[in-house]
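These are my notebook entries on one protein structure. I record in them what I looked up, topic by topic.

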Amino acid sequence: MLLLLLPLLALSALSAPLLQKRVTGIPGLDVSSYQGAVDWATVAANGAKFAFIKATEGTDYVNPDFSQQYEGSYDAGLIRGAYHFAHPDSSTGAAQANYFLANGGGWSADGKTLPGMLDIEYNPSGATCYGLSTSAMVSWLSSFSSTYEAATGRYPIIYTTTDWWSTCTGGSSAFAANSPLFVAAYNTEGPGTLPAGWSYYSFWQWADSGTFPGDQDVWNGSQAGLEAMATG
Ligand SMILES: *[C@@H]1O[C@H](CO)[C@@H](O)[C@H](O)[C@H]1NC(C)=O
């Protein structure tokens, strides 16, 4: 009897954490200067496989912690990528893509570097769509995207929310064919309806805090698939 009970006790001890809702996918994170110097060895030990690092905003801001974060994540064995926070009201998409490229946002086929990500979302300090019409916003995105592609051979990953994309691009489906989607939706059930055009997401930002510093993300696929995305 005692021998039979022991495995049962062991099982019930295991089931408590297993009952918590788990987000499926390969875990990763994204950070900015807000996180400062990151302890990448600990992040790697806790299971992160990739990291996105803020490089630039507009054409007048460079993340002062970029090198520590971008090189540190790489040195710890993570696949890393840089991102640009779009300010479509302040200069053209081409100008911001070039600024991003000049400040760490490039891509190399080393198998450890993801294509650059464009963070396009709610204006933190003004009109939600930066005062642009939906058609002007689509033009701005095309300008950024084609400039980035011409320089690197890769299309940028697009990070956004379904609501912002619908409101500010008018639900444009013009970018889904080339740009992988990084969707933001804070819950553990799934991102729900995706921005227009995309039939699946590549990355999902599901919480703004958790195990890792910064935002908590997952890659929708396998480690081999993530490496293939990096390799191009
Ligand atoms: C994950 O990606 C695959 C394609 O690689 C796709 O078929 C699937 O629908 C995606 N899952 C989600 C939840 O987006």
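**Entry 1: the disulfide.** The model is predicted. I began with the link of Cys129 and Cys168, which is left-handed, with -75° about the S-S bond. I then asked which parts of the chain this pair ties together. Cys129 lies in the loop between strand E5 (117–119) and helix H5 (134–152), while Cys168 belongs to helix H6 (residues 162–169), so the disulfide joins parts that are 39 residues apart in sequence. The sulfur atoms of Cys129 and Cys168 are 2.0 Å apart. A search of the whole structure gave one disulfide. I also looked up whether the two cysteines are buried or exposed. Both Cys129 and Cys168 are buried.

**Entry 2: the ligand.** Which residues are around the ligand? I noted Tyr200, Tyr201 and Asn220. The protein covers 45% of the 360 Å² of accessible area that the ligand has on its own. For Asn220, I found a polar side-chain atom 2.4 Å from an oxygen atom of the ligand. For Tyr201, the atom concerned is a backbone N or O, and it lies 3.4 Å from a ligand oxygen atom.

**Entry 3: strand E1 and its partners.** I turned next to strand E1 (residues 26–31), which is mostly covered, with five of its six residues buried. In which sense does E1 pair with strand E9 (residues 215–219), parallel or antiparallel? The pairing with E9 is antiparallel and runs over five bridges. Within it, Ile26 has Trp219 of E9 as its bridge partner. With strand E2 (residues 50–57), E1 pairs in the parallel sense over four bridges. There, Asp30 stands opposite Phe52 in E2. I add a general remark for reading such strands: in a regular strand, side chains alternate between the two faces of the sheet.

**Entry 4: Asn63.** I located Asn63 in the loop between strand E3 (61–62) and helix H3 (66–75). Its relative accessible area is 2%. The cut-off for a buried residue is under 20%. Asn63 therefore counts as buried. What does the side chain of Asn63 reach at 2.8 Å? The answer is the backbone nitrogen of Asp65. Leaving aside neighbours within four places in sequence, I listed the contacts of Asn63 as Ser32, Ser33, Ile53, Lys54, Ala55 and Gln69.

**Entry 5: helix H3.** I looked up the buried residues of H3 and found Phe66, Gln69, Tyr70, Gly72 and Ser73. Which elements cover them? The cover includes E1, helix H2 (40–45), E2 and strand E4 (79–85). A general rule helps in reading a list of this kind: an α-helix has 3.6 residues a turn, so residues three or four places apart point the same way. After H3 comes Gly77, with a positive phi near 95°.

**Entry 6: Asp119.** My last residue, Asp119, is found in strand E5. With a relative accessible area of 6%, Asp119 is buried. Which residues does Asp119 touch, not counting those up to four places away in sequence? I recorded Tyr83, His84, Phe85, Ala86 and Tyr159. Finally, I compared positions along the chain with positions in space: Asp119 and Glu57 are 62 residues apart along the chain, and their C-alpha atoms are separated by 9.3 Å.

Methods
Residues numbered from 1 in each chain as written. Predicted model: local features only at pLDDT ≥ 70, side-chain atom pairs only at ≥ 80, totals over all residues. Heavy atoms only, no water. Near = heavy atom within 4 Å. Polar contact = N/O pair within 3.5 Å; in protein donor to acceptor, adjacent residues only side chain to side chain. Areas by Shrake-Rupley, 256 points an atom, 1.4 Å probe, with all protein chains shown as cover. Disulfide = S-S within 2.5 Å. Helix = DSSP H or I, 4+ residues; strand = E, 2+ residues; numbered from the N terminus. Buried < 20%, exposed > 50% of the residue type's maximum accessible area, 1.4 Å probe, protein only. Pairing = 2+ DSSP bridges. Contact = heavy atoms within 4.5 Å.
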